[in-house]
Amino acid sequence: MKKLLLALATCSLLFSCAGGQFLNSSDSVEADYVSPAIYKSYTCDELETAAAKIIDQIPGLEKLIDERKKNNDAFISTGAIIMLPLLAGLKSNKEEAELLAQYKGNIRAIKTAAMTNGCEGAGYMPQ
């Protein structure tokens, strides 16, 4: 009986640790590198429009990532304590996190291109 309990506790710990491998919060997502050369030929207005389109999509994506992380955290806590099969309900937010990283990288590249092109207000663009 002790061996069974020890095995269950060990599995729970391993699943809890492994769950963090694909559970990101939006704050922990780092920007991917995107070359500013992509935006080099854009005018200041085009850069502003491109940035606005991306910036409009970020809050919804961040909300989705954070909600999925919150739900998964609840599954991990409950699964580790009560039942290991509950951990099968985990849903990865890896794809959304990768998309957010691309968005952040594009915003950074647009800002760099805007500053290179001498666009007014480029320094106020978010990173």
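**Exercise 1. Surface and overall fold**

How much area does the protein expose, and what share of it do carbon and sulfur atoms supply? Describe the secondary structure of this predicted model as well.

*Solution.* Begin with the surface: about 8400 Å² is exposed in the protein, and 59% of this area is supplied by carbon and sulfur atoms. Next, consider burial: of the 127 residues, 29% are buried. Then list the secondary structure, which consists of three helices and zero strands. Along the sequence the pattern reads α-α-α. Finally, turn to the contacts between residues at least 6 apart in sequence: 76% of them join residues at least 24 apart.

**Exercise 2. Confidence**

State where confidence in the protein is lowest and where it is highest.

*Solution.* Start from the average: the mean pLDDT of the protein is 74, and 60% of the residues score at least 70. By element, helix α1 (residues 2–19) has the lowest confidence, with a mean of 50, whereas α3 has the highest, with 88. A further step concerns residues 14–22, where pLDDT stays under 50. For residues 14–22 the model has ten contacts beyond four places in sequence.

**Exercise 3. The disulfide**

Identify the cysteines joined by the disulfide, and determine whether each is buried or partly exposed.

*Solution.* The structure contains one disulfide. Its partners are C44 and C119, with an S to S distance of 2.0 Å. The pair links distant parts of the chain, since C44 belongs to helix α2 (residues 44–81) and C119 to the segment after α3 (94–116), 75 residues apart. The angle about the S-S bond is -90°, and the link of C44 and C119 is left-handed.

For burial, apply the cut-off of under 20% relative accessible area. C119, at 12% relative accessibility, is therefore buried. C44 has 32% and counts as partly exposed, because values between 20% and 50% fall in that class.

**Exercise 4. The aromatic pair**

Classify the geometry of the ring pair formed by Y39 and Y42.

*Solution.* Two quantities are required: a pair of aromatic rings is described by the distance of the centres and the angle of the planes. The count of aromatic pairs is one. For Y39 and Y42, the ring centres are 5.2 Å apart and the planes lie at 75°, so the pair is edge-to-face. The deciding cut-off is an angle over 60 degrees. The two residues can also be placed by accessibility: Y39, at 7%, is buried, and Y42, at 31%, is partly exposed.

**Exercise 5. The nonpolar core**

Which residues touch the most other members of the largest nonpolar core, and which elements give two or more residues to this core?

*Solution.* The largest nonpolar core has 20 residues, of which Y39, L47, I54, I58, L100 and I110 touch the most other members. The elements giving two or more residues to this core are α2 and α3. The largest share is that of α3, with nine residues.

Now examine two of these members, leaving aside residues up to four places away in sequence. I54 touches Y39, Y103, N106, I107 and I110. I58 lies in helix α2 and touches L100, Y103 and I107. With a relative accessible area of 13%, I58 is buried. As a last step, compare sequence and space: I58 and L99 are 41 residues apart along the chain, while their C-alpha atoms are separated by 9.4 Å.

Notes
Residues are numbered from 1 along each chain as its sequence is written. This is a predicted model: local features need pLDDT of at least 70, side-chain atom pairs count only at pLDDT 80 or more; totals for chains, interfaces and linings use all residues. Side-chain values use heavy atoms; hydrogens and water are left out. A disulfide is a pair of cysteine sulfur atoms within 2.5 Å. Helices (H or I, at least four residues) and strands (E, at least two) are DSSP runs, numbered from the N terminus. Buried means under 20% relative accessible area, exposed over 50%, partly exposed in between (1.4 Å probe, protein chains only). Contact means heavy atoms within 4.5 Å. Accessible areas come from the Shrake-Rupley method with a 1.4 Å probe; for residues, only the protein chains shown count as cover. Rings of Phe, Tyr and Trp (its six-membered ring) pair if their centres lie within 6.5 Å; planes under 30 degrees apart count as stacked, over 60 as edge-to-face and the rest as tilted. A nonpolar core is a set of buried Ala, Val, Leu, Ile, Met, Phe, Trp, Tyr and Cys residues joined through side-chain atoms within 4.5 Å. pLDDT is the predictor's confidence in each residue, from 0 to 100.
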